[in-house]
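Work through the exercises below with the sequence and the 3D view open. Try each task before you read its solution.

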Amino acid sequence: MKTIAAPAPEVYSDLEQLESLVSNRLSCRAFRSTAVPEDVIVRVLRLAQSTASWCNSQPWQIAITRGDGTERLRDSLYRAAASNHADKWDFPPPREYLGVYLDRRRESGFQLYNALGIARGDKVRYHEQMLENYRFFGAPHLAVITTDEALGTYGAVDCGAYVGNFMLAATACGLGTVAQAAIARFPSVLRRELSLQEDRRVVCGISFGYPDLEHPANSYRTSRANVGDVVQWIDR
């Protein structure tokens, strides 16, 4: 039998660092108001730019708010959401959640509500908490991720990979992040406020900044399915 050499020590180090980043990343829903220095944001962006993409197309374009730009967009999106402004998503949201997907969604939602002391069935408080998406949970920055219209679903898939790497890079820099599909609910507001070109399609937003780890909204962790629940081995 052929002997397989053990990985070099530095490989274990890399793996351990990755495991730490993946395990420590969380969907942050309470931020400190302190702005992130530009050089830190640029470092995150450079790391995320290494994301693999279909034919190396790198379809993502990122609009990042700061200072008054964040406050202006926060105000515009919150007013649109609070008034139930009619808009059409660039990418259709899920038609419905069924089975285990509904179970996981409910579990995550109830964990947040329990942490915040929101009673089950309190629809008024549910709605108020939903609107916090459009306050960016107090984050000083919002990154809006768009793709090229002509690249369709595959462009959006590539952007999803970019979002994942952005969040891991931010975690490595001591930042908190939360990816928000809710931001994509109002593409017309984003096009107006961010001067997006008409061929850009909004994928999602990422609120980011320094996390407020003492806030109850950041006190819980969501569960993950076992590998055996999601993987099918094909041997022949």
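## Exercise 1: The fold in outline

From the N terminus on, the elements run α-α-β-α-α-α-β-α-β-α-β-α. This is a predicted model: local features need pLDDT of at least 70, side-chain atom pairs count only at pLDDT 80 or more, and totals for chains, interfaces and linings use all residues. Residues are numbered from 1 along each chain as its sequence is written, and side-chain values use heavy atoms, with hydrogens and water left out.

**Task.** State how many helices and strands the protein has.

**Solution.** Step 1: recall the terms. Helices (H or I, at least four residues) and strands (E, at least two) are DSSP runs, numbered from the N terminus. Step 2: read the totals. The protein has eight helices and four strands.

## Exercise 2: Overall dimensions

**Task.** Decide whether the radius of gyration agrees or disagrees with that of a compact globule.

**Solution.** Step 1: take the rule. The radius is computed over C-alpha atoms, and the globule rule is 2.2 Å times the number of residues to the power 0.38. Step 2: apply the rule. For 236 residues it gives a value near 18 Å; the protein has 19 Å, which agrees. Step 3: add the box. Along the principal axes, the C-alpha atoms fill roughly 70 × 40 × 40 Å.

## Exercise 3: Surface, contacts and charge

**Task.** Describe what is buried, what is exposed and how the contacts span the sequence.

**Solution.** Step 1: burial. Buried means under 20% relative accessible area, exposed over 50%, partly exposed in between (1.4 Å probe, protein chains only). Buried residues are 35% of the 236. Step 2: surface. The protein exposes about 14,600 Å², and carbon and sulfur atoms supply 52% of that area. These areas come from the Shrake-Rupley method with a 1.4 Å probe; for residues, only the protein chains shown count as cover. Step 3: contacts. Contact means heavy atoms within 4.5 Å. Take the contacts between residues at least 6 apart in sequence: 84% of them join residues at least 24 apart. Step 4: charge. Lys and Arg count as positive, Asp and Glu as negative; His and the chain ends are not counted. Each charge is placed at NZ of Lys, CZ of Arg, CG of Asp or CD of Glu. The mean positions of the 27 positive and 27 negative charges lie 4 Å apart.

## Exercise 4: A pair of buried residues

**Task.** Find what joins the side chains of Ser 207 and Gln 180.

**Solution.** Step 1: locate both. Ser 207 is in strand β4 (residues 200–209). Gln 180 is in strand β3 (residues 176–180). Step 2: check burial. Ser 207 is buried, because its relative accessible area is 0%. Gln 180 is buried too, at 1%. Step 3: find the link. A polar contact is a pair of N or O atoms within 3.5 Å; within protein, one must be able to donate a hydrogen and the other to accept it, and residues adjacent in sequence count only if both atoms are side-chain atoms. The two side chains make such a contact at 2.4 Å. Step 4: list neighbours, leaving out residues within four places in sequence. Ser 207 is in contact with residues including Phe 31, Phe 136, His 141 and Val 178. Gln 180 touches Asn 133, Phe 137 and Cys 204, among others.

## Exercise 5: A residue in a helix

**Task.** Is Thr 171 buried or exposed, and which backbone oxygen does its side chain reach?

**Solution.** Step 1: Thr 171 lies in helix α6 (residues 152–172). Step 2: Thr 171 has a relative accessible area of 17%, so it is buried. Step 3: its side chain reaches the backbone oxygen of Met 167 at 2.8 Å. Step 4: beyond four places in sequence, Thr 171 is in contact with Leu 21, Asn 24 and Arg 25.

## Exercise 6: A loop with positive phi

**Task.** What is the sign of phi at Cys 55 and at Asn 56?

**Solution.** Step 1: know the background. Most residues other than glycine have a negative phi. Step 2: read the angles. Cys 55 has a positive phi of about 55 degrees. Phi of Asn 56 is also positive, near 55 degrees. Step 3: place them. Cys 55 is in the loop between α2 (38–48) and β1 (61–64). Asn 56 is found in the loop between α2 and β1. Step 4: check exposure. Cys 55 is exposed at 71%, and Asn 56 is exposed at 52%. Step 5: add Gln 58, which lies in the loop between α2 and β1. Gln 58 is partly exposed, at 30%. Its side chain makes polar contacts with those of Gln 49 at 2.9 Å and Asn 56 at 3.2 Å.
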